[in-house]
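Subject: A structure for you to look at

Hi there,

Here is the structure I promised to pass on to you. Have a look at it first, and then read on for what turned up.

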Amino acid sequence: MIRSLNEVAALAGKAARGAGAPAAQATRFGQAAVQHLCAGRDPQALTRALAALPGGPILDLPLALMQQAEAQVVEGGFETKGWDTLARSYVAALPFAATLNEKNLLWIDLNTPAKRSPVARCDLPEDLCADWQALAAKTLVPETDASRLGGAGAGLLDND
């Protein structure tokens, strides 16, 4: 199913939140998921990353990238911990120029903005979309009187 990049990023982010990721890491996962799908990489890597929560690459990769950006280039390379294809998607989602070579050496240029191709839509597999929607639904508050009394939903004045 062809979807807009914003729609895919938002759905992936909500799925990550539903799977237990903090908000900032969920947003980065959504951005990386778009790059991952647009590059034609294996969608199962995204499913495995969500299944690895509350640990795994959704939490580890953004932190490792920040550490790498602060250090610029580290002699030992970038530790992907077996998440190589997903790490490439996270690197592609960075707002500045960065490359991850075959030896997992990461080069980041904080002074140069990332060059992106003008892609507006990508193919989101139906089964992946259904999985993400199920995870995203976990972030919703149940429709009960107790939840409404707690402040959920629209009040009488909110419907104007």
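A word you will need straight away is "buried": a residue counts as buried when its relative accessible area is under 20%, as exposed when that value is over 50%, and as partly exposed in between. Please also keep in mind that this is a predicted model.

Let's begin with the overall layout. The protein chain has seven helices and four strands. Of its 160 residues, 35% count as buried.

Next come the salt bridges. A search of the whole structure turns up two of them. In one, the side chains of Glu7 and Arg3 meet, with 3.0 Å from N to O. Arg3 has a relative accessible area of 12%, so Arg3 is buried. Its partner Glu7 comes to 36%, and therefore counts as partly exposed. The other salt bridge links Arg48 with Asp42, where the closest N and O atoms are 4.0 Å apart. Here Arg48 is partly exposed because its relative accessible area is 45%, and Asp42, at 40%, is partly exposed too.

On the surface you can also find a patch of negative charge, where Asp123, Glu126, Asp127 and Asp131 gather. Which helix gives the most to this negative patch? That is helix H6, residues 126-137, with three residues. Asp127 lies in helix H6, and its relative accessibility of 48% is why Asp127 counts as partly exposed.

Now for the cysteines. How many disulfides does the count come to? The answer is zero, with a disulfide taken as a pair of cysteine sulfur atoms within 2.5 Å. Cys122 is a good example: its nearest cysteine sulfur belongs to Cys38 and is 4.2 Å away, so Cys122 is in no disulfide under that 2.5 Å limit. Cys122 is buried, since its relative accessible area is 5%. Cys129 is buried as well, because its relative accessibility is 2%.

One last thing to look for is a peptide bond. Most peptide bonds are trans. The bond that joins Leu53 and Pro54, however, is cis, with omega at about 20°. To find Pro54, go to the loop between helix H3 (44-51) and helix H4 (57-71).

Enjoy exploring, and write back with any questions!

Best wishes

Note on methods: Residues are numbered from 1 along each chain as its sequence is written. This is a predicted model: local features need pLDDT of at least 70, side-chain atom pairs count only at pLDDT 80 or more; totals for chains, interfaces and linings use all residues. Side-chain values use heavy atoms; hydrogens and water are left out. Patches are made of residues with over 30% relative accessible area and no salt bridge: like charges are joined within 9 Å, nonpolar side chains (Val, Leu, Ile, Met, Phe, Trp, Tyr) within 5 Å. Accessible areas come from the Shrake-Rupley method with a 1.4 Å probe; for residues, only the protein chains shown count as cover. Lys and Arg count as positive and Asp and Glu as negative; His and the chain ends are not counted. The place of a charge is taken as NZ of Lys, CZ of Arg, CG of Asp or CD of Glu. Helices (H or I, at least four residues) and strands (E, at least two) are DSSP runs, numbered from the N terminus. Buried means under 20% relative accessible area, exposed over 50%, partly exposed in between (1.4 Å probe, protein chains only).
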